[in-house]
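Biologist: Please take a close look at one part of this model for me, the aromatic pairs, and then place them in the fold around them.

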Amino acid sequence: MSTTAHIMGMDIDLLTQETFQSQMIGYLEEDGLNVVHMISLDYIDTYEKNEIVQETLSEADLILPGEKTILSAHHVDVLEMGGMCVDYRSILEFMKPIDLSDKKWYLVLRDEKEARVIKRYFYRHFSRENIIGIRTMDSGVTDEALINDINTGLPDIVLLSMDSTGQEEWLLENKGKINAKLCVVGGSIFPLIIRDNVHIPKWLKKLHLGGVYRFFARIPYTHFFRKRIFNRQMDDYITKKKIEGSIENVKTTEAFGESKKED
């Protein structure tokens with residue numbers, strides 16, 4: 001089963017585990033590139049009216065919630081209990097039953113810091129032998145060289161993360177050139193993964209304080225705190241829409257008045 005949640009101007013796909021797995025298996029069997037976006041609260045808030053982002057999302061095959069917070073107004077706990085995909089963790093859990101043993105991954109990441117964390121995270125969930133290439137955008141690689149490297153390896157899945165609207169611009173320019181089955185776009189979610197898997201200094205580990213350090217480091221990014229930010233941003237969004245609606249009504253009234261004068 002699937003449905004759509006309309007959140008601050010963006011439509012997010014909500015899938016059950018069965019539907020999600022069926023979609024992924026279908027994408028990995030099809031010819032041509034399918035694109036799946038995982039998006040966060042910050043992404044929605046920042047790029048709601050960005051034309052490049054909106055164009056990219058309109059062409060996407062799926063837009064999935066990367067964090068539970070963006071579903072706060074849609075009874076996210078009920079959705080989660082009902083087996084719906086609500087964040088990047090559930091996406092990973094839903095992926096595990098799919099046979100990916102022979103699927104090759106290519107990772108395009110922001111920088112070396114992101115690459116270190118995402119590689120460790122990837123290895124906890126998938127086989128490291130499946131990664132056939134990793135490139136970071138801070139290495140100065142050109143688009144042509146990157147696409148050639150991807151296509152030489154013939155990956156099944158490309159994992160894409162870039163700064164700002166870089167990943168969207170890159171997709172619009174190069175989607176038709178990529179020889180892969182699936183592109184998973186996670187630029188706005190990888191920072192959350194990094195914070196959830198914060199690096200613990202060795203001296204704290206020796207003092208057995210790693211758990212305490214991780215707990216306090218993650219507090220600002222927990223669902224509880226992020227939900228408060230979401231509620232505030234949702235209120236701002238509703239207020240803006242009301243103001244825009246009032247302005248449009250005034251313009252319509254003025255235009256009607258002008259036409260009456262002409263009559």
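**Aromatic pairs and their surroundings**

Modeller: Across the whole structure, which is a predicted model, a search turns up seven aromatic pairs. One of these is formed by Tyr-88 and Tyr-121, whose ring centres are 6.2 Å apart with 65 degrees between the planes, an edge-to-face arrangement. Tyr-88 belongs to helix α5 and Tyr-121 to helix α6 (residues 112–125), so this pair ties together parts of the chain that are 33 residues apart in sequence. Tyr-88 and Tyr-121 are both buried.

A second pair joins Trp-105 and Phe-126. Here the ring centres are 5.0 Å apart and the planes stand at 40 degrees, so the pair counts as tilted. Trp-105 lies in strand β5 and Phe-126 in the loop between α6 and β6; with their positions 21 residues apart, this pair also links distant parts of the chain. Both Trp-105 and Phe-126 are buried. These two residues belong to one aromatic cluster together with Phe-122 and Tyr-123. Tyr-123 has a further contact of interest: the charged end of Arg-128 sits over its ring, 4.1 Å from the ring centre.

Now to the sheet. Strand β5, which holds Trp-105, is part of an open sheet of six strands in the order β4-β3-β8-β7-β5-β6, with parallel pairing. The edges are β4 (62–65) and β6 (131–136), each of which pairs on one side only. On average, neighbouring strands in this sheet are turned by 15 degrees against each other, direction ignored. Strand β5 covers residues 105–109 and is joined to β6 by five bridges in the parallel sense. Within that pairing, Tyr-106 stands opposite Gly-133 of β6. Helix α5 (residues 88–95) packs on the sheet, where it touches β3 (34–39), β4 and β5, and its direction makes about 115 degrees with that of β4. The helix that carries Tyr-88 is therefore in contact with the strand that carries Trp-105.

Further along the sheet is strand β8 (residues 182–185), which is covered on both faces: Leu-182 and Val-184 are buried on one side, Cys-183 and Val-185 on the other. Four bridges in the parallel sense pair β3 with β8, and the bridge partner of Val-35 in β8 is Cys-183. Strand β7 (residues 157–160) also runs parallel to β8 and is joined to it by four bridges. In that pairing, Val-158 stands opposite Cys-183. The chain passes from β7 to β8 by way of helix α8 (residues 166–174), in a β-α-β crossover that is right-handed.

Two loop residues complete the picture. His-75, in the loop between β4 and α4 (76–81), has a positive phi near 55 degrees although it is a residue other than glycine. With a relative accessible area of 61%, His-75 is exposed. Leu-154 lies in the loop between α7 (143–153) and β7. Its phi is also positive, at about 50 degrees, and Leu-154 is not a glycine. At 46% relative accessibility, Leu-154 counts as partly exposed.

Note on methods
Residues numbered from 1 in each chain as written. Predicted model: local features only at pLDDT ≥ 70, side-chain atom pairs only at ≥ 80, totals over all residues. Heavy atoms only, no water. Pairing = 2+ DSSP bridges. Axes fitted to C-alpha atoms, helices over the stretch in contact; angles between N-to-C directions. Contact = heavy atoms within 4.5 Å. Buried < 20%, exposed > 50% of the residue type's maximum accessible area, 1.4 Å probe, protein only. Right-handed = clockwise from strand over helix to strand, strands pointing away. Phe/Tyr/Trp six-rings, centres within 6.5 Å; stacked < 30°, edge-to-face > 60°. Lys NZ or Arg CZ within 6 Å of the ring centre and 35° of its normal.
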